[in-house]
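Reader: I am new to this structure and would like a close look at one part of it, namely how its strands pair, followed by how that part sits within the rest. Please take me through it slowly.

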Amino acid sequence: MILELKNLTKMYDDKNGVASFNLAVERGEFITLLGPSGCGKTTTLNLIGGFLQADSGEILMEGKDISSLPPEARKVSTVFQNYALFPHLNVLENVAYGIRFFRKYSKKKALLAAEEFVHLVGLSGYEKSNIGNLSGGQQQRVALARSIATGAELLLLDEPLSNLDVALRTHLRKELKEIQRKTKTTMIYVTHDQEEGLSLSDRIVVMDKGLIVQIGSPREIYYKPVNSYVADFVGKSNFLEDEKGNQYILRPEDVNIIEKPGGKYIIEQMVFLGHRTEYILRNGEEKVEVHLQGIRGKDFNLGDSVDIEILFKSKLNNG
Amino acid sequence: MNRNISYSSLLEKAIIILLIIAFLLFILYPIAGLFVRSLTEGGQWSLFYYKDLFKEENIELIRNSVFVASLSSICATILALCIGLYAHFKGGRIRDLIYRGLMISMISPPFISSIGLLTLFGRRGLISYGLLGLTLNPYGWHGIVLLQSLGGIPLSAMFMMAGLNQIDSRLILASRDLGANPWQTLKNVILPSLIPTILSVLFLRFTMNISDFTTPVIIGGRFNVLATEAYLRVYAQANLNGAAAMTVLLLPPALVAFYFYNNNLQKTNTLSDRSKVLDVETLNYKLPRLVNFISGTITLVFFIIMVVQYGNIFIQAISRNVSGKLVFTTDHLHFFQDRHLDALLRTIHMALIAALLSTLFGVMLSYYNRMRRIPGMKSIEFIGSLPYIIPGIFFGLAYIVVFHNGPIKMTGTLIILIVNCTFRHVSVGNKAANATFENIDKKLEWASYDLGASKLQSLVTLIFPMLRPTFLTSFINAFTACMTTVGPLMLLVSPKNLIISVLMFSEVSNGRYGQAAVMGLSLILITFTVNLIAMALMTREKRITR
Amino acid sequence: MNKTKKLISLLLIIVLSFTLVACGDTKVVEEEKEVVEGTNEEVVKEKPYEGTVLEVSVAYGGADASFEAFTEETGIEIEWVSMSTGAKLSQLQAEEGKTTTDIWFGGGVDSYINARELGYLHQYNSPEYANIDDKYIDSEGYYGALAIVPHGIIINNDLIEELGLDIPETWEDLTDPQYKGEIIMADPSISGGQYAIHSGLLQHMGEEAGWAFWEAIDKNVDYYGQSGGEPGQKVAEGEFAIGLTAITGGTFGLAETAPVTPVFLDSVPWIPAPIAIFENSQNKDAAKVFVDWYVSDHGQTILKDADARIMANRNVEPPADLAAILDMDKLIDFDLVKMGSDRESTLARWAEIIGE
């Protein structure tokens with residue numbers, strides 16, 4: 001176990017902050033803190049990074065409490081949302097910064113050592129470039145290289161991809177996962193994007209209003225959400241209730257439409273996206289969203305009466 | 001609709017042309033007029049006043065000027081940096097308090113400070129001699145350096161605070177995160193990021209110091225500088241042309257410094273993305289202990305000096321020194337009420353109008369140059385900064401030279417004071433607006449045109465509202481400057497348009513400190529009140545936009 | 001809403017400033033009205049220029065205290081500004097004599113001589129000049145004289161005692177090394193008064209002895225003041241023990257609030273405090289009334305009360321304070337014309353001495 005957070009609490013006021021946060025992180029794990037803005041995920045990250053002082057609780061790193069140490073004495077490194085690259089230093093100097101101060105290399109040696117990391121993130125040739133002349137994606141890579149270069153055992157990433165466009169985001173996501181596999185660095189990743197969370201993580205921590213709602217693997221989170229909040233946050237969902245009052249969650253892609261003239265459901269909305277088609281079916285008050293992949297979705301039209309087939313549903317804990 | 005727009009664009013063209021004419025007429029023309037005068041002797045073109053310019057004594061004067069101006073600029077910059085760092089990283093109420101304190105200490109006219117400091121630290125000063133038993137000789141270059149440094153601190157420290165505020169605080173977090181301790185972070189991130197601000201403060205101080213003649217006159221002793229020599233040529237020897245020629249010597253170093261100042265000011269604003277700046281309160285960064293101690297001490301000492309100085313002015317205003325004993329009296333106040341109340345009202349009136357106009361002109365100039373990039377405006381902007389660079393007294397003289405007859409005869413009127421003040425301080429608003437425009441997306445204006453607003457309508461309904469905080473700050477600065485300026489107005493006043501700052505200077509030189517102190521107090525109170533009102537407007541603004 | 005509020009506050013400021021203009025204007029208008037009414041009702045002969053406003057540029061400490069009496073008696077209003085004669089001359093040159101000021105009051109006679117040559121002064125031979133010694137006034141009447149300003153030293157009694165210095169009695173005494181660093185004098189190239197001491201002593205001692213004296217005293221002076229009034233102020237503040245200065249009512253005023261004493265030495269250099277009308281004056285007749293009044297026995301007495309000096313008008317007794325310490329016979333024989341013509345060469349030589 002590399003990191004353990006025990007009852008970590010930091011409240012800004014009655015409502016905002018993080019309360020009684022408990023989490024154990026294994027070496028090499030990729031953990032995502034997932035939640036909407038204001039849920040306390042960045043606060044948690046800043047507490048681990050040492051930029052904030054906790055009101056109470058412990059931060060144990062390899063068994064030692066580090067909560068009173070200043071940021072520079074913690075073996076963690078943060079990749080900031082806007083990268084926080086030093087504008088007065090070039091790419092290589094930025095990457096060397098942490099090597100120089102964190103690993104206490106001389107300036108010369110640090111610059112030499114930094115080259116390897118610039119190469120790791122695929123920026124060879126840009127060593128002497130001015131930060132201002134780099135694209136967003138390149139800046140992101142510099143930030144990542146800079147943090148990894150410190151040799152920190154734990155990397156904290158604060159929505160590192162949020163400033164990039166979708167295509168680049170997907171691309172870098174893969175790259176990040178690849179780098180993590182190569183360097184075996186433990187990473188804690190903060191995001192509000194469920195796709196990022198699901199695709200990158202070993203475990204996801206879903207947070208709401210400063211509290212942990214659920215911890216689990218991406219599959220658990222997606223298919224076994226503990227409540228509607230989680231269910232809603234990680235994907236689209238339909239909620240069903242049986243006669244006993246049990247609530248179930250039903251993913252739109254886990255429903256099939258069956259052609260049945262005179263069926264209970266009427267197709268009310270249809271959005272054709274190419275790779276899939278999204279339908280909203282109505283049965284009186286009840287509404288069901290259904291996503292059909294590929295060719296399966298081509299046969300239905302607005303106003304058709306159909307029936308549905310449930311492929312998978314999951315029972316929710318709360319009533 | 002169409003007619004409306006063309007009418008409006010015609011109106012705008014007229015405004016632009018008027019703006020250009022105003023800057024040419026009220027800045028370039030007088031300055032040119034003065035230099036043309038200095039190139040004549042007995043009605044003939046002549047280099048008479050220039051032929052001796054590079055003789056040895058003048059070279060010596062240049063050396064003195066550059067030496068003193070550099071030294072006091074460096075001192076003021078370092079001290080201001082310390083105060084700025086201390087205030088910024090203390091944060092919260094201490095920062096606000098220091099900021100306000102700096103604002104107040106900016107109000108006092110420099111020669112009043114000189115006298116306050118002389119009574120405190122002179123050869124028989126209350127503190128140096130009375131308290132510590134030291135006989136200091138303040139006269140000489142060290143006295144000038146001391147006073148110019150102290151006088152330069154308030155504005156410079158405010159610049160530093162603004163500069164520090166602009167540093168993306170995540171850089172500081174990142175640096176610590178990457179293993180740099182507070183000291184290494186200060187050295188490798190904070191100070192390098194602050195370099196443009198530091199340089200622009202340094203060069204601005206240099207420009208101000210090299211053309212400052214009041215301080216060397218009061219405390220220079222046998223140590224002469226170029227500005228004083230030029231001033232004395234006017235003031236004591238009535239050698240107007242020779243003095244104008246001498247200013248030519250002052251210009252190159254001032255222009256060079258100003259060039260660098262300008263260059264760096266622009267860099268300050270483009271350095272980093274400001275959208276994600278954390279509050280210092282949540283930053284959890286403390287200055288290294290030694291730096292904290294030193295800068296804290298400097299801040300404390302500076303404010304003690306300010307308090308003593310202001311206290312001194314206050315006591316002088318309500319007391320009389322009879323055989324070494326202080327006797328309280330309201331005589332000065334009564335005398336002031338009887339004699340100078342008119343002048344005070346006139347001064348307020350002048351400063352209000354001049355500050356408004358100067359802010360307006362400065363902002364408009366900036367708008368047409370930075371936002372609309374109208375060709376030629378860049379040169380006009382340079383012209384607009386000239387009055388700020390050249391020694392004040394010459395800007396006054398230049399006005400007399402060209403506006404004493406002909407179609408624009410203004411000498412002896414209040415208007416000449418207003419116009420002079422307006423254009424002397426026009427670069428204050430201009431610089432502030434430039435900084436703001438750097439951060440305004442030009443597409444906003446396109447959007448406005450796209451939505452059917454004419455250029456003029458966009459200016460009034462879109463740009464001006466966005467600039468309101470800038471308007472207010474530069475109004476405060478211009479108002480303070482107008483209320484306390486002496487240099488350029490000294491020769492423009494006549495019995496009918498006397499203003500308080502000039503009166504005060506003459507009271508000081510006649511040794512009537514009591515009267516001077518009452519005037520100083522009244523200036524301070526009024527300026528302070530106006531500042532408070534403007535600041536209140538500004539904080540309300542902040543609350544609303546939040 | 002909010003926009004409107006802000007607009008209103010801005011407007012308020014503008015309105016406020018314009019109200020002030022308006023206020024100022026109304027006042028002037030009212031005053032004029034009163035004045036007009038006044039002329040109709042009162043005896044016109046006695047106050048023919050009632051309501052005329054004269055602008056006066058003053059370089060005569062304390063003179064303002066006498067303006068009220070003048071206005072009361074003649075009905076002529078005074079607006080004045082205190083400005084050194086050097087500055088006024090610069091201003092005049094810059095505006096080529098087109099000043100709005102009517103009267104030049106006191107200050108350094110050399111500036112008056114200059115201004116006369118440039119044609120800025122109006123020729124006026126006041127009948128009252130008959131009571132004034134010819135050597136004090138311009139032979140052609142371009143400027144007259146208000147008072148004689150004698151020069152001596154001012155000493156700080158406390159400092160003299162504390163430093164164990166002797167009280168100097170002659171100019172030569174000042175060259176004694178015991179005063180090193182304790183003497184302050186104004187730069188003669190700046191202060192007309194100091195130049196008068198300079199030129200006066202050169203004339204009195206003779207060129208050679210005079211220059212030897214100035215060279216010797218330079219060794220005792222660390223600091224040259226930038227205005228004629230500065231030595232008196234600095235000695236009163238205790239910055240220096242001895243200051244070379246003009247001795248006027250103001251000097252005695254200093255002695256009331258500080259431990260200082262004015263002292264005349266073995267010989268007394270002097271200069272006249274002149275008065276003149278500007279050629280560009282639009283109120284020359286009223287200005288003549290002003291000049292007549294101020295050089296008349298009556299006006300001179302009032303001016304003497306305002307600031308105690310030896311008045312130019314021989315019918316007016318010297319003030320008691322001054323008379324008590326000044327032996328009029330000690331006033332040196334002084335050629336003002338020579339003083340004016342030698343100025344450049346004298347100052348050049350002086351610059352060499354202090355430059356060393």
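Author: In this predicted model, strand β1 of chain A, which covers residues 3-11, pairs in the antiparallel sense with strand β4 of chain A, residues 56-61, and five bridges hold the register between β1(A) and β4(A). One position that shows this pairing is A:Lys6, whose bridge partner in β4(A) is A:Glu58. Strand β1(A) also pairs with strand β2 of chain A, residues 17-25, and here six bridges join the two strands, which again run antiparallel. Within that second pairing, A:Leu8 stands opposite A:Phe21 of β2(A). The link between β1(A) and β2(A) is a hairpin, which passes from one strand to the other through five residues.

Further along chain A there is another set of paired strands to consider. Three strands form an open sheet in the order β11-β12-β18 of chain A, and the pairing in that sheet is antiparallel. Strands β11 (238-241) and β18 (314-315) of chain A stand at its edges with a single partner strand each, so one side of each is left without a neighbour in the sheet. Four bridges join β11(A) to β12(A), the latter being residues 247-250, and these two strands run antiparallel. Here A:Glu241 stands opposite A:Gln247, a residue of β12(A).

Turning from these strands to the other chains, chain B has a secondary structure of 23 helices and four strands. Of the 546 residues in chain B, 61% are buried, and the chain exposes about 22,000 Å², of which carbon and sulfur atoms supply 66%. When contacts in chain B between residues at least 6 apart in sequence are considered, 79% of them join residues at least 24 apart.

As for how the chains meet, two pairs of chains touch, and the pair with the most contacts is chains B and C. Chain A and chain C, by contrast, do not touch, and their nearest C-alpha atoms are 30 Å apart.

Some care is needed over confidence when reading the model. For chain C the mean pLDDT is 83, with 87% of its residues reaching 70 or more. Over residues 6-44 of chain C, however, the pLDDT is below 50, and this stretch has 26 contacts in the model beyond near neighbours in sequence. For the model, the scores are ipTM 0.78 and pTM 0.78.

Notes. Residues numbered from 1 in each chain as written. Chains lettered and ligands numbered in written order. Predicted model: local features only at pLDDT ≥ 70, side-chain atom pairs only at ≥ 80, totals over all residues. Heavy atoms only, no water. Contact = heavy atoms within 4.5 Å. Pairing = 2+ DSSP bridges. Buried < 20%, exposed > 50% of the residue type's maximum accessible area, 1.4 Å probe, protein only. Areas by Shrake-Rupley, 256 points an atom, 1.4 Å probe, with all protein chains shown as cover. pLDDT = per-residue confidence, 0-100.
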